[in-house]
Structures are given as C-alpha cells and as structure tokens.
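Biologist: I have a model open on my screen and I'd like to learn how to read it. Could you walk me through it?

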Amino acid sequence: MEAALDEARKAYEKGEVPVGCVAVRDQKIIARAHNLKETLSDPTAHAEILCLKRAAKKLGGWHLSRVALYCTLESCLMCAGAIIESRLKQVCFGARDPRRRAVRWLKKSRIKIKSGVRQTECSRLLKDFFRDLRK
C-alpha cells in the first residue's frame, strides 16, 4: 500500500484527487498509476483504470487472474466493473467511500476483498487535499 500512497501523493502534487493504485503479481509491482482525470481531460482516467491497462499491457493480456490491486480509495462503479472484467484475484482498499460503496459489487464476484488497509493515511491524504482545495 505504500507504493499506492506514493502514487496518490503524485496525484496530489498535480492537483488531481489523490488516489493511487498498484498492481502486484508474484509479490512484484507490475503497474502503477494515479488519477489523471484533470490532466488528461478524461473522465475515465481513474487510478484503477490506468493501472489495469498498464498491467494488461505488461502481461500481454487482459486476464489478470494472478494479480492483486492495491488502491488508496474504494473504487467507484466504473472501476469496480473493470476490476470484475479483468478477473483480478484480490483487491485491497485504503479509505472507504461511503457515497459510492462499490465494494458490495465486488463481493458478489470471486475477487477477494480487503478494505481498510492503512485507512487513516489514505483518508488523511484525501481530507488534506479537499481542505487545501477549499482555501
């Protein structure tokens, strides 16, 4: 999760909502990403989507059944759908998103879910970003 937090910090520095994500296979990071919606003017440029695309490219296929995803924020419905379609084996989330709660959709799939991983740090980064944005 530390690597995902590093990605979230990169997003923060760019003025993006600080969400970071890493894909891990055989205990090695194979892809990293952070939110780039504003930078790319792309509503689909969420950390998870970008990370899944990079992992699939690295592995040479979309079927990511041996990959675990670590993300600093609980996924939205769009990202949950992409996670399910990619056949990930596990997803670990940091901060929960009470407004979106896409984890319930992931629980219906065969993907293992672990939430609340370094939740305090992940939540603090988001709170600091939105506090600074309001100033």
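**Reading the model**

Modeller: Let's start with one residue: R131 is partly exposed, at a relative accessible area of 37%. Keep in mind that this is a predicted model.

Biologist: Which residue forms a salt bridge with R131?

Modeller: The general idea is to look for a Lys or Arg side-chain nitrogen within 4 Å of a carboxyl oxygen of Asp or Glu. Here the partner is D128, and the closest N and O atoms of the pair are 3.0 Å apart.

Biologist: Where do D128 and R131 sit relative to each other in helix α6?

Modeller: Helix α6 covers residues 119-134, and because D128 and R131 are three residues apart in it, about one helical turn separates them.

Biologist: And is D128 buried or exposed?

Modeller: For that, compare the relative accessible area with the cut-offs: under 20% is buried, over 50% is exposed. D128 comes out at 19%, so it counts as buried, while its partner R131 is partly exposed.

Biologist: How many salt bridges are there in total?

Modeller: The count comes to twelve. One of them joins R87 to E85, with 3.9 Å between the closest N and O atoms. There R87 is partly exposed at 37% relative accessibility, and E85 is exposed at 51%. Another pairs D132 with K135, again with the closest N and O atoms 3.9 Å apart. D132 is partly exposed at 32%, whereas K135 is exposed at 74%. Salt bridges can also share partners, and that links E2, D6, R9, R118 and E121 into one network.

Biologist: Let's zoom out. What order do the elements run in?

Modeller: Read from the N terminus, and you get α-β-β-α-α-β-α-β-α-β-α. That makes six helices and five strands. The radius of gyration is 14 Å, close to the 14 Å the globule rule gives for 135 residues, so the chain is as compact as a globular protein of that length.

Biologist: What share of the residues counts as buried?

Modeller: Of the 135 residues, 47% do. You can also ask how far apart in sequence the touching residues are: of the contacts with a separation of 6 or more, 49% involve residues 24 or more positions apart.

Biologist: What about the surface and the charges?

Modeller: The chain exposes about 7,700 Å², with carbon and sulfur atoms supplying 51% of that. It carries 30 positive and 15 negative charges, and their mean positions lie 6 Å apart.

Notes:
Residues numbered from 1 in each chain as written. Predicted model: local features only at pLDDT ≥ 70, side-chain atom pairs only at ≥ 80, totals over all residues. Heavy atoms only, no water. Helix = DSSP H or I, 4+ residues; strand = E, 2+ residues; numbered from the N terminus. Rg over C-alpha atoms; globule rule 2.2 N^0.38 Å. Buried < 20%, exposed > 50% of the residue type's maximum accessible area, 1.4 Å probe, protein only. Contact = heavy atoms within 4.5 Å. Areas by Shrake-Rupley, 256 points an atom, 1.4 Å probe, with all protein chains shown as cover. Lys, Arg positive; Asp, Glu negative; His and termini not counted. Charge placed at Lys NZ, Arg CZ, Asp CG, Glu CD.
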